[in-house]
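The following note is offered to a colleague who is meeting this structure for the first time. Its points are best read with the model open alongside.

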Amino acid sequence: MSGALRAMGLTVRVGGREVLQGVDLELAPGRFTAILGPNGAGKSTLLDTVAGTRTPQAGEVIVDGERVHDRSHAERSRLIGVLTQQNAVSFPFLVEEVVAMGRAPWARLSGAEEDDAAISAAIRDADVGHLVGRRLTELSGGERARVSLARVLAQATPIVLLDEPTAALDLKHQEAVMGVALGLARAGRAVAAVLHDLSLAAAYADRIVLLDHGRLAAAGAPADVLTAATVQSVYDLPVEIGAGPNGRPSVTPRRQGA
Amino acid sequence: MRARAPLLIAGLALALLLVVLASAVLGQAQIPPSEVIGSLLRSVGIPNGWAPDDRLTEATLWVVRFPRILMGIGVGAALAVAGAVMQAIFGNPLAEPGIVGVSSGAALGAALAIALGVAAIGGWVVAALAFAGGLGATLLVYLISRSNGRAEVVTLILTGIAINAAAGAGIAFALFATDSASREQIVFWQLGSLNGTLWPNALLVAGVAVAGTVVARTQARRYDLLALGERNARHLGVHVDALRLGSILLVALVTGAAVAFCGIISFVGLVVPHLIRLIAGPGHRTLITASAVGGALLVVGADLIARTAIAGADLPIGVLTSLLGAPVFLGLLARQRRSSGGWA
C-alpha cells in the first residue's frame, strides 16, 4: 500500500453550518504537509473526514484507488493513523498498554515479534521509554500527548495524520516531534499535521495547506503560502515575514512598541 | 500485572468453590461436607459410601440449596459483568446498573407485570417486562448523560437519581393500585432475595450470565480501546456505534435476567469490577472474567450470610450487599478526593 490520499470537494455541515466548503487535499507518500488556519477553520474536521470517521455531505476521499468511506473500519485503521487532541483515558491503563493499543488494527494479521518491534520503535521515537511502567492517568498533559503519539506510531500506517501534535509540548519535545513527523515522511509515509506555530510549520513542512472559514485559502510550498498578505488576510493580524533557516519563511506578528 | 491475572482468577474460583461448599453445608439443617460431596458424586453416576441415605437431607440439597446456590452464581456473575461492561461504554467507573437506575427500571417492569396480573401467564412474562424496563432505563441514561463519548460523573449520577425516582414512583403506584397478595410479592421482590429459587429459573439466569460473560469477553479488546475516547477508538478500527448498541442490549439482558427473579441486589456491579481493577489493572480481558467469578463469589457469600446470620430468618440479600457496598462506595469517593480533589 503506497498511501497516496486524495480528497476532492469535501463539504461538511454540522448543525446547519458549513464547517468545510469544497476543500481539496492531497497527501503523497514521502511528503510532510502542514495544515494551518485560525481556530474554527475546520482543520480537525478535515482530518476526521479524510480519515473516514466523519462522512462528508459532498466530495470524496480516495486512498489507493478506493473510497475511504467504502472501506471497513478495520481496513481504514490499517491505512490511516490519527493523533487526536484528546489524550485522556477513562481507566488507569499503563503507558505500555496504551502504546500496545496502537497494534489493535493488526490483531491476527501481524506476529508478536512484529508487534513488539513496532511498539519499541514507537516508544523510542516518541521518547516515552522512561514512562512505560506508569499509569497514563498520572502523567502531565505533554507526557500524555507523547504517549498518544507513540500509540499512533505503533499503528504503523502508510498515512499519518497529527492534530496539533506539538500543542502541549515543551520546546525540546516540539522540535523532537516535528523531527519524528518529518522522519516518517522521509521513510515514505504520507504525513499531515495540524499546527498553530506558522514558523515551526514553515521550517519542517514540504507543503502547507491554509484553511480559512472552511475554505482552502492557499496551498503550496511554505514560501509561496506564507506571504504577509495571505497570512494577514486569513488571520486578520498584521505580520512580518522574515528569513528563517534554509531560506524558509518565519512569521512574527507585528507588535506595538516592539 | 499480566502474571497476576491467572492467579487472581484461580484464587477467586477456589474461594467460590469453598463458599459454594459452605453454602451447601450450612443452614437450618447442617449437612456434613462428605454427604454434600457424596450426593453430588452420586448424581453424576458415581456410587459412593458418603452419599446421604436420608430423604430429607437429599431434598434439602437438591430442592432448596443447590438451585439457590446456582442462582447466586448466575446473579452475581450477571450483575458484575453488566457493571464492567457499563463502565466500559460510559467511560466511567461509577456506571453501575443499580446506581444509574437500570435495576430500578427492570424492577418497575417486573412490578407492573405482577400488579397487572400478567405474571400469571408465566414466569417469563416478569422476566420479559424486567428486561424491557432495564433496556428502557439503560437507553435513557445513555442518551441523556453522554457527551463526546464520556459520561460526566455528575450528569451520570443525576440522571440515575431521576430515573430511580421515576421508577420508584411507578413501583409505588403499582403497590398502591394492586391487591395485597401482589403487594407482598412486589415488596419482597424489591428487597432482593434468592429465597425459594426454582431450578428452571436458576438454570436460565446462570445460562444468561455465562453467555453474557462469554460475549463480553469477545469484546474485551474493543472496550480497552474505548477507554481512549470514542474518536480514538474509531481511528483504531472500532465500530463504536455497533459496539455501544450491542453492549447496551447485553447489559439490559443480563441485568434484566438477574433482577427478574431475585429483585434488586445493588452495588455488586460497582464493587466487584472496582476491586478487580485495583488488583489486576483495567484491562478488560481479565476484568470481565474475574468480575464474573468475583460477582458469583460475592453474591453466594452474601446469600450464605443472609440466611444463616439470624437463626430461622432469611434476610433480604439486597440489604446485605448495600450494607457492604455503601462503605466501599464511600471509600472510593474518599480515595478519589485525595488523589484529584473529587470527581469532576
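**Note on the predicted model**

1. In chain A, strand E3 (residues 32–36) and strand E8 (residues 190–194) run parallel and are joined by four bridges. The model under discussion is a predicted one. Two of the residue pairs between these strands may be located directly: A:Phe32 has A:Val191 of E8(A) as its bridge partner, and A:Ile35 has A:Val194.

2. E3(A) is also joined by four bridges to strand E9 (residues 207–212) of chain A, and these two strands run parallel as well. Here A:Ile35 stands opposite A:Val209. The reader may therefore follow A:Ile35 to a partner in E8(A) and to another residue in E9(A), although the reasoning rests on the general rule for strands only in the next point.3. Which residues of E3(A) lie on either side of the strand? A:Phe32, A:Ala34 and A:Leu36 are on one side, A:Thr33 and A:Ile35 are on the other, and all are buried, so that both faces are covered. In a regular strand the side chains alternate between the two faces of the sheet. The strand as a whole is mostly covered, with five of its five residues buried.

4. The wider setting is an open sheet of six strands in chain A, in the order E6-E7-E8-E3-E9-E10 and with mixed pairing. Strand E6 (80–83) and strand E10 (215–220) are its edge strands, each pairing on one side only. Direction ignored, neighbouring strands of the sheet are turned by 15° against each other on average.

5. Helices pack on this sheet. Helix H5 (residues 141–154) of chain A touches E6 and strand E7 (159–163) of chain A, and its direction makes about 180° with that of E6(A). Helix H6 (residues 171–186) of chain A lies across E3, E7 and E8 of chain A, running at about 155° to E8(A).

6. Helix H1 (residues 43–50) of chain A is mostly covered, eight of its eight residues being buried. Among them are A:Lys43 and A:Asp48. The helix is followed by A:Gly52, which has a positive phi, near 90°.

7. In chain B, the buried residues of helix H2 (residues 33–43) are B:Glu35, B:Val36 and B:Ser39. Because they cover an arc of only 105° around the axis, they lie on the same side of H2(B). An α-helix has 3.6 residues a turn, so residues three or four places apart point the same way. The cover over the buried residues of H2(B) includes helix H1 (4–25) and helix H3 (55–90) of chain B. Just after H2(B), B:Gly45 takes a positive phi of about 90°.

8. How do H3(B) and helix H12 (residues 268–280) of chain B cross, and at what angle? Their axes come within 8 Å and cross at roughly 70°; the two helices are therefore roughly perpendicular to each other. Residues making the contact include B:Gly76, B:Leu79 and B:Gly83 of H3(B), and B:Val268, B:Gly269 and B:Pro273 of H12(B). By class, the contact has nine nonpolar, four polar and no charged residues.

9. Between the chains, 21 residues of chain A are in contact with 22 residues of chain B. On the side of chain A that touches chain B, the elements giving two or more residues are helix H2 (73–79) and helix H3 (95–101) of chain A. H2(A) gives the most, with four residues. By class, this side of chain A has 13 nonpolar, six polar and two charged residues.

Note on methods: Residues numbered from 1 in each chain as written. Chains lettered and ligands numbered in written order. Predicted model: local features only at pLDDT ≥ 70, side-chain atom pairs only at ≥ 80, totals over all residues. Buried ≥ 20, exposed ≤ 12 C-beta atoms within 10 Å, placed from the backbone. Arc of directions from axis to C-beta. Contact = placed C-beta atoms within 7 Å. Axes fitted to C-alpha atoms, helices over the stretch in contact; angles between N-to-C directions. Parallel < 35°, antiparallel > 145°, perpendicular 65-115°, else oblique. Nonpolar A, V, L, I, M, F, W, Y, C, P; charged D, E, K, R; others polar. Pairing = 2+ DSSP bridges.
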